[in-house]
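Below is a short walk through one protein model. It begins with the whole chain and then turns to single residues.

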Amino acid sequence: DIDRFNTALKDMITESGSAARRFVDVSSSLKDDGGNLIPDFAAEDGGHLMKSAYYEILYSLCEGAGVR
C-alpha cells in the first residue's frame, strides 16, 4: 500500500535528522478526495500512468525542492 510505504519513508527520513534528505509527497497530487488515482492520470491498461501524471509528479518534486 503506497500510503503506508510513504508514511514509513517519511518517518525514517524525519528520524534520521539529516538536513540533506527530505520527503516530498507526490502521490497526494495524483489522488482524488477518496484517495483513489484520479482517472485522468490512469492509462487504459489500468497499470500505468499517463504523461500528465508524470508532469504532476515533476511539479510536486520541484515544488518540494523549492524550485519554481
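The paragraphs that follow describe the overall fold, then three residues in turn.

The model is predicted. Its secondary structure amounts to 2 helices and 0 strands. Helix 1 covers residues 2–16, and helix 2 covers residues 51–64, with a loop between the two. The C-alpha trace extends over about 40 × 30 × 20 Å along its principal axes.

Burial can be stated for the chain as a whole: the protein has 68 residues, and 13% of them count as buried. The accessible surface is about 5,400 Å², and carbon and sulfur atoms account for 55% of that area. Of the contacts between residues at least 6 apart in sequence, 33% link residues at least 24 apart. As for charge, there are 12 negative and 7 positive side chains, and the centres of these two sets are 9 Å apart.

Two residues of helix 1 can be taken together. N6 is placed in helix 1, and so is A8. Is N6 buried or exposed? N6 counts as buried because its relative accessibility is 17%, and the cut-off for buried is under 20%. Beyond its neighbours within four places in sequence, N6 touches F23, D25 and S27. A8, by contrast, has a relative accessibility of 45% and therefore counts as partly exposed; that class runs between the 20% limit for buried and the 50% limit for exposed. A8 can also be set against a residue further along the chain: F41 is 33 residues away in sequence, and the two C-alpha atoms are 25 Å apart.

The loop between the helices holds K31. At 23% relative accessibility, K31 counts as partly exposed, because buried requires a value under 20%. Which residues does K31 contact, leaving aside its neighbours within four places in sequence? They are D3, N36, L37 and I38. With one of them, D3, the contact involves side chains: a polar contact of 2.4 Å joins K31 and D3. D3 falls within residues 2–16, the range of helix 1, so this polar contact links the loop residue K31 to that helix. A separation can be given for K31 and I13 as well: they are 18 residues apart in sequence, and their C-alpha atoms lie 23 Å apart in space.

In short, N6 in helix 1 is buried, A8 is partly exposed, and K31 is partly exposed with a side-chain polar contact to D3.

Notes. Residues numbered from 1 in each chain as written. Predicted model: local features only at pLDDT ≥ 70, side-chain atom pairs only at ≥ 80, totals over all residues. Heavy atoms only, no water. Helix = DSSP H or I, 4+ residues; strand = E, 2+ residues; numbered from the N terminus. Buried < 20%, exposed > 50% of the residue type's maximum accessible area, 1.4 Å probe, protein only. Contact = heavy atoms within 4.5 Å. Areas by Shrake-Rupley, 256 points an atom, 1.4 Å probe, with all protein chains shown as cover. Lys, Arg positive; Asp, Glu negative; His and termini not counted. Charge placed at Lys NZ, Arg CZ, Asp CG, Glu CD. Polar contact = N/O pair within 3.5 Å; in protein donor to acceptor, adjacent residues only side chain to side chain.
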